[in-house]
Amino acid sequence: MNAAKTKDEKQQNFRLITVLVLAILVVLAAVYAVACLVDDRLTESAEQQVITYTEQAAFTVSGQLALVQAAVDAFAVESGDAESVQPLLNAFCEAYGFSNAYFLDMDGSGCDAAGNPFSIENLPVIETALTRATYSFSDSYANANGQWVRMG
């Protein structure tokens, strides 16, 4: 009888262990599924935040660009004399945080914000405003300080 009882106990223990292993596997699968769901939600939320921040930055840059464009449009020079233009260029750079500004007359010569002589041949990119006789922007390029800039 002891042998029969031991055999029944072994079968019962085996069943119990099998049920416990299955229960542990089900719990692990549920934890994994929840972790995947949470990860997907966090990724989705992070992507949405990046999109929101990018849109806000674009709006801010667009607003600042409009202000600068208005300032450039309002920038009036009554004389092509470098001595009279240079202080205006310097004040323009300080007001809008530009690293430099240049004034070129219709023959392609002028000065920069520091008062240094400057001509169209000194430009690091192809000039477009004078040749097209309209307002335009250059391609982006790295200046001497490593800043990415455009001419407009």
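Select Leu 25 in this predicted model. Leu 25 sits in helix H1, which runs over residues 2–74. Is Leu 25 buried or exposed, or something in between? Its relative accessibility is 48%, so Leu 25 counts as partly exposed; the cut-offs are under 20% for buried and over 50% for exposed.

Keep Leu 25 selected and add Ile 17, Val 21, Leu 22, Ile 24 and Leu 28. Together with Leu 25, these residues form a nonpolar patch on the surface. The accessible area of the patch is about 580 Å².

Now clear the selection and show the whole protein as a cartoon. Three helices and five strands make up its secondary structure. Follow the chain along the sequence, and the elements come in the pattern α-α-β-β-β-α-β-β. With a surface display, the accessible area of the protein comes to about 11,800 Å². Carbon and sulfur atoms account for 61% of that area. How many of the 152 residues count as buried? The share is 16%. Among contacts with a separation of 6 or more, 22% join residues 24 or more positions apart.

Next, look for nonpolar residues that are buried. In soluble globular proteins, nonpolar side chains tend to be buried together. Select Ala 71, Val 85, Leu 89, Phe 92, Cys 93, Ala 101, Phe 103, Cys 111 and Ala 113. These nine residues are the largest nonpolar core. Which element gives the largest share of this core? Helix H2, residues 82–96, supplies four of the residues. Another core, of six residues, lies apart from this one. To find that second core, select some of its members, including Phe 118, Tyr 141, Val 149 and Met 151.

Move to Asp 112, which is in strand E2 (residues 109–112). Asp 112 counts as buried because its relative accessibility is 8%, and the cut-off for buried is under 20%. What surrounds Asp 112, leaving out residues up to four places away in sequence? Asp 112 touches Gln 86, Leu 89, Asn 100, Ala 101, Tyr 102 and Phe 118. Two of these names have come up already: Leu 89 belongs to the largest nonpolar core, and Phe 118 to the other core. Then show the backbone of Ala 114, whose nitrogen lies 3.0 Å from a polar atom of the Asp 112 side chain.

Go on to Ser 119, in strand E3 (residues 117–119). Ser 119 has a relative accessible area of 18%, so Ser 119 is buried. Display the side chain of Glu 121 as well: the side chains of Ser 119 and Glu 121 make a polar contact at 2.9 Å. Beyond four places in sequence, Ser 119 touches Leu 104, Gly 108 and Ser 109.

The last stop is Asn 143. Where is Asn 143? It lies in the loop between strand E4 (141–142) and strand E5 (148–149). Asn 143 is buried, since its relative accessible area is 18%. Leaving out neighbours within four places in sequence, Asn 143 is in contact with Ser 99 and Val 149. Val 149 is a member of the six-residue core. To finish, select the C-alpha atoms of Asn 143 and Pro 124. These two residues are 19 residues apart along the chain, and their C-alpha atoms are separated by 8.3 Å.

Definitions and conventions: Residues are numbered from 1 along each chain as its sequence is written. This is a predicted model: local features need pLDDT of at least 70, side-chain atom pairs count only at pLDDT 80 or more; totals for chains, interfaces and linings use all residues. Side-chain values use heavy atoms; hydrogens and water are left out. A nonpolar core is a set of buried Ala, Val, Leu, Ile, Met, Phe, Trp, Tyr and Cys residues joined through side-chain atoms within 4.5 Å. Buried means under 20% relative accessible area, exposed over 50%, partly exposed in between (1.4 Å probe, protein chains only). Helices (H or I, at least four residues) and strands (E, at least two) are DSSP runs, numbered from the N terminus. Patches are made of residues with over 30% relative accessible area and no salt bridge: like charges are joined within 9 Å, nonpolar side chains (Val, Leu, Ile, Met, Phe, Trp, Tyr) within 5 Å. Accessible areas come from the Shrake-Rupley method with a 1.4 Å probe; for residues, only the protein chains shown count as cover. A salt bridge is a side-chain nitrogen of Lys or Arg within 4 Å of a carboxyl oxygen of Asp or Glu. Contact means heavy atoms within 4.5 Å. A polar contact is a pair of N or O atoms within 3.5 Å; within protein, one must be able to donate a hydrogen and the other to accept it, and residues adjacent in sequence count only if both atoms are side-chain atoms.
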